[in-house]
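Work through the exercises below with the model open. Try each task before reading its solution.

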Amino acid sequence: MIEQEEPDRDLAGLGVPLAGRLAATGDRWEPYRLVDADGVSVAAAGAYFGHLQAAGRSELTIRSYGMDLLRWFRFLWAIGVPWNHAVRSDARDFCRWLQVAGKPVRPHWREQDRYGAGQPAAASGVAYSPSVRAHCETVLRSFYDFHVEAGTGPLADPFPLDRSRRGGRAHAHHNPMEPFRDERSGMYRPVVPSRIPRSVPAEEFNRIFAVLPSHRDRALVAFYVSTGARASELLSATRGGVDPGRQLITVVRKGTRELAELPASADAFVWLRLYQLEMEGKLPRGGSRQPLWWTLRQPFRPLTYHAVHRMFERAGAAAGTDATLHSLRHTAAYRMAEDPGLPITVQFVLGHALLTTTQLYLTQLSEIASAGRETAGQQVTAGSG
């Protein structure tokens, strides 16, 4: 087979407009829709979203995958290549563009019409993180695998697996003392470095908590830092899923969609009760299956994942910190790991599929403790001298 001649593409001077968007529809059958610059729905993306929904993926997962598809389609629109004619060189250039060009500058809402009309967006100079690029590569490979198998896409996936990692049996020479590695890696998938989970110090957390403007926000943060729940998991709690007597709150796990009862602090339930009293008579009536968390302004709507993130970002900016909402989960994990009464329960409470993930917090604590002992020993030695 003779490969096509690769295009002479100037990626350095390539301008990618912020054309199209991922639109929330409010329809349970089609929660998100990818549309082009003319507002026309992209049928290939819609078919893939239906495939994800049939596989039991949540609406947040569909949105996350849709944002990756939007980046890819904007790149294809900029280089003038139809999605079903994309080849490996296009995928390679896209991965290079993500790594070098960086995130686009989001225009002010008054200028969105100008950018939507085909004007290229300026690059911010802030590169996409390796985890974002790795997630994007995985999503696009899955997208094209779906269409190749269905016969609605190109003959071959432009995001192939690395041939050097496909030969032989997976884990053929695996050391039983080491964790399993992912043998099926994409050719253009970047290496994602391991990061140390960040904990919010007590003083920094107190500053953030002091600037929270409402009882609802205080209750949310108190539950996040005491349960270790993910942001979307805590928002899945219903009115009937709260048990103050046993100090438990029931959430839906992000991956398995199973119900889990998580222990929370007494303070969290106190702030929750104050929030409920504040909103009593204002929220829509309903049974125990009604959402627990709502917006504070009319029209009252169930609180969303992105609204909570924005709330915590504003609180962090007011407190002079760059702590993220997910760092509250890490903080809870460190606090649980420090408790000698929770040796194995930590994995269940945090919802980790693998014990090796929970061990990250135990390893960091042991290293911190050993460093503290060494420092204390040096101080004793210096004092005795």
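**Exercise 1. Place Ala 19 in the fold.** Find where Ala 19 sits, decide whether Ala 19 is buried or exposed, and list its contacts distant in sequence.

Solution.
- Step 1. The model is a predicted one. Ala 19 falls in the segment before β1, which spans 21-27.
- Step 2. The relative accessibility of Ala 19 is 11%. Buried means under 20%, so Ala 19 counts as buried.
- Step 3. Leave out residues up to four places away in sequence; Ala 19 then touches Ala 37, Leu 70, Arg 74 and Trp 77.
- Step 4. Check a C-alpha pair: Ala 19 and Arg 71 are 9.6 Å apart in space and 52 residues apart in sequence.

**Exercise 2. Describe the packing of α2 and α3.** Give the axis distance and crossing angle, classify the pair, then break down the contact.

Solution.
- Step 1. Two packed helices are described by the distance between their axes and the angle between them.
- Step 2. The axes of α2 (residues 59-79) and α3 come within 11 Å. They cross at roughly 110 degrees.
- Step 3. Angles of 65 to 115 degrees count as roughly perpendicular, so α2 and α3 are roughly perpendicular to each other.
- Step 4. The crossing of α2 past α3 is right-handed.
- Step 5. α2 contributes Arg 71, Trp 72, Phe 75 and Ile 79 to the contact. α3 contributes Asp 90, Ala 91, Asp 93, Phe 94, Trp 97 and Leu 98.
- Step 6. By class, the contact of α2 with α3 has seven nonpolar and three charged residues, and no polar ones.

**Exercise 3. Follow Ala 91.** Which residues does Ala 91 touch, beyond those up to four places away in sequence?

Solution.
- Step 1. Ala 91 is in helix α3.
- Step 2. Its relative accessible area is 0%, so Ala 91 is buried.
- Step 3. Ala 91 touches Trp 72, Pro 158, Phe 159 and Tyr 188.
- Step 4. Trp 72 is also among the α2 residues in the contact with α3.
- Step 5. Ala 91 and Phe 159 lie 68 residues apart in sequence, yet their C-alpha atoms are 6.2 Å apart.

**Exercise 4. Describe the packing of α3 and α5.** Repeat the analysis for α3 and α5.

Solution.
- Step 1. α3 covers residues 88-100 and α5 covers residues 130-150. Their axes come within 11 Å and cross at roughly 160 degrees.
- Step 2. Angles over 145 degrees count as roughly antiparallel, so α3 is roughly antiparallel to α5.
- Step 3. The crossing of α3 and α5 is right-handed.
- Step 4. From α3, Phe 94, Leu 98 and Gln 99 meet Arg 133, Cys 136 and Leu 140 of α5.
- Step 5. The contact of α3 with α5 divides into four nonpolar residues, one polar and one charged.
- Step 6. Phe 94 and Leu 98 of α3 also take part in the contact with α2.

**Exercise 5. Add α1.** How do the axes of α1 and α5 cross, and which residues meet?

Solution.
- Step 1. The axes of α1 (residues 43-54) and α5 come within 10 Å and cross at roughly 95 degrees.
- Step 2. That angle makes α1 roughly perpendicular to α5.
- Step 3. The α1 side is Ala 44, Ala 45, Ala 47, Tyr 48 and His 51. The α5 side is Val 139, Ser 142, Phe 143, Phe 146 and His 147.
- Step 4. The contact of α1 with α5 has seven nonpolar, three polar and no charged residues.

**Exercise 6. Check backbone geometry in two loops.** Describe the peptide bond from Gln 298 to Pro 299 and the phi of Gln 247.

Solution.
- Step 1. The bond from Gln 298 to Pro 299 is cis, with omega near -5 degrees.
- Step 2. Pro 299 lies in the loop between α9 (266-278) and α10 (305-319).
- Step 3. Gln 247 is not a glycine, but its phi is positive, at about 55 degrees.
- Step 4. Gln 247 sits in the loop between β3 (242-243) and β4 (248-252).
- Step 5. With a relative accessible area of 32%, Gln 247 is partly exposed.

**Exercise 7. Examine Thr 331.** Is Thr 331 buried or exposed?

Solution.
- Step 1. Thr 331 belongs to helix α11 (residues 325-338).
- Step 2. Its relative accessibility is 2%, so Thr 331 counts as buried.
- Step 3. Setting aside neighbours within four places in sequence, Thr 331 contacts Arg 198, Ser 199, Val 200 and Val 225.

Methods:
Residues are numbered from 1 along each chain as its sequence is written. This is a predicted model: local features need pLDDT of at least 70, side-chain atom pairs count only at pLDDT 80 or more; totals for chains, interfaces and linings use all residues. Side-chain values use heavy atoms; hydrogens and water are left out. Axes are lines fitted to C-alpha atoms, for helices over the stretch in contact, and angles run from 0 to 180 degrees between N-to-C directions. Helices (H or I, at least four residues) and strands (E, at least two) are DSSP runs, numbered from the N terminus. Angles under 35 degrees count as roughly parallel, over 145 as roughly antiparallel, 65 to 115 as roughly perpendicular and the rest as oblique. A crossing is left-handed if the near helix is turned anticlockwise from the far one by less than a right angle, and right-handed if clockwise. Contact means heavy atoms within 4.5 Å. Ala, Val, Leu, Ile, Met, Phe, Trp, Tyr, Cys and Pro count as nonpolar, Asp, Glu, Lys and Arg as charged, and the others, Gly among them, as polar. Buried means under 20% relative accessible area, exposed over 50%, partly exposed in between (1.4 Å probe, protein chains only).
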